[in-house]
Amino acid sequence: MNIITTKRSSLGWAIDAGLTALGWAAFFYLFTRGVVSIVYADGLQPMPALLSSTPLIPTLQTLAVYVLVACVNALLVVIWGRYHKRLFRTLKLLRAPDAMDDDELASHFHLSRNQLHEIQGSRVTVIYHSNDGAISELETDQLRIQPAGNSPVFHTAKVA
């Protein structure tokens, strides 16, 4: 499986990096603020060396539930990904087309074999279609043009 990647512009990269840094900073700020508010329960002084852990128990239970939910979600995503990887590998094998020879390919597009080889051998090909969808004209880098009606005869175009 191929992954198509393109190079991002430096502006896009900078925006992405800035938003990511801003998100992490907001997370650490909120997390720290929450921890500080637990430690300073009354707002006046810190709890005495956290000896009275009674206010922390509900918070720790909530955090444990959050961690458990996050682990279950991660497990479901991994199972889903492996299932789809196997499913699409199987479907890809089932849908793999048989190799077509040149005669079948040329007849599929209503071309002669010479026209097909002309297209395959050129670096640039412009294909014009008629109103009914058939190929009406071909222009390749050798500047050969096919007349209407898909005739196997080529006319050479002259460049001024």
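Here is a short chat about a predicted model.

Biologist: Let's start on the surface. Which residues make the nonpolar surface patch of about 540 Å²?

Modeller: To join a patch, a residue needs over 30% relative accessible area and no salt bridge. One member, Trp24, has its place in helix α1, which covers residues 10–39. The full set making the patch is Trp24, Phe27, Phe28, Phe31 and Val35.

Biologist: Moving on to charges, how many salt bridges does the count come to?

Modeller: The rule asks for a side-chain nitrogen of Lys or Arg within 4 Å of a carboxyl oxygen of Asp or Glu. Asp16 with Arg8 fits, with the closest N and O atoms 3.0 Å apart. Asp103 and Arg113 also meet in a salt bridge, at 3.8 Å from N to O. By this rule the count is two.

Biologist: Is Asp16, from the pair with Arg8, buried, exposed or partly exposed?

Modeller: Buried would mean under 20% relative accessible area and exposed over 50%, with partly exposed in between. Arg8 has 45% relative accessibility, so Arg8 counts as partly exposed. Asp16 has 36%, so the verdict for Asp16 is partly exposed.

Biologist: And the other pair, Asp103 and Arg113: which helices are linked?

Modeller: Their side chains form a salt bridge. The pair links distant parts of the chain, ten residues apart. Asp103 belongs to residues 102–108 and Arg113 to another helix, so the answer is α3 and α4.

Biologist: Staying with helix α4, why are the buried residues Gln115, Leu116 and Glu118 on the same side?

Modeller: Helix α4 runs over residues 113–121, and Gln115, Leu116 and Glu118 are buried there. An α-helix has 3.6 residues a turn, so residues three or four places apart point the same way. The three are on the same side of α4 because the arc they cover around the axis is only 160°.

Biologist: Which residues are exposed on the other side of α4?

Modeller: Exposed calls for over 50% relative accessible area. On that other side, the exposed residues are Asn114 and Gly121.

Biologist: Last, the strands. Which residue in β2 is the bridge partner of Ile127?

Modeller: Strand β1 covers residues 125–129 and β2 covers residues 135–140, and they pair in the antiparallel sense over five bridges. In β2, the partner of Ile127 is Leu138.

Biologist: Which residue in the hairpin of β1 and β2 takes a positive phi?

Modeller: The hairpin has five residues between the strands. The one with a positive phi, near 95°, is Gly133.

Technical notes
Residues are numbered from 1 along each chain as its sequence is written. This is a predicted model: local features need pLDDT of at least 70, side-chain atom pairs count only at pLDDT 80 or more; totals for chains, interfaces and linings use all residues. Side-chain values use heavy atoms; hydrogens and water are left out. Patches are made of residues with over 30% relative accessible area and no salt bridge: like charges are joined within 9 Å, nonpolar side chains (Val, Leu, Ile, Met, Phe, Trp, Tyr) within 5 Å. Accessible areas come from the Shrake-Rupley method with a 1.4 Å probe; for residues, only the protein chains shown count as cover. Helices (H or I, at least four residues) and strands (E, at least two) are DSSP runs, numbered from the N terminus. Buried means under 20% relative accessible area, exposed over 50%, partly exposed in between (1.4 Å probe, protein chains only). The arc is that of the directions from the helix axis to the C-beta atoms. Two strands pair if DSSP finds at least two bridges between them.
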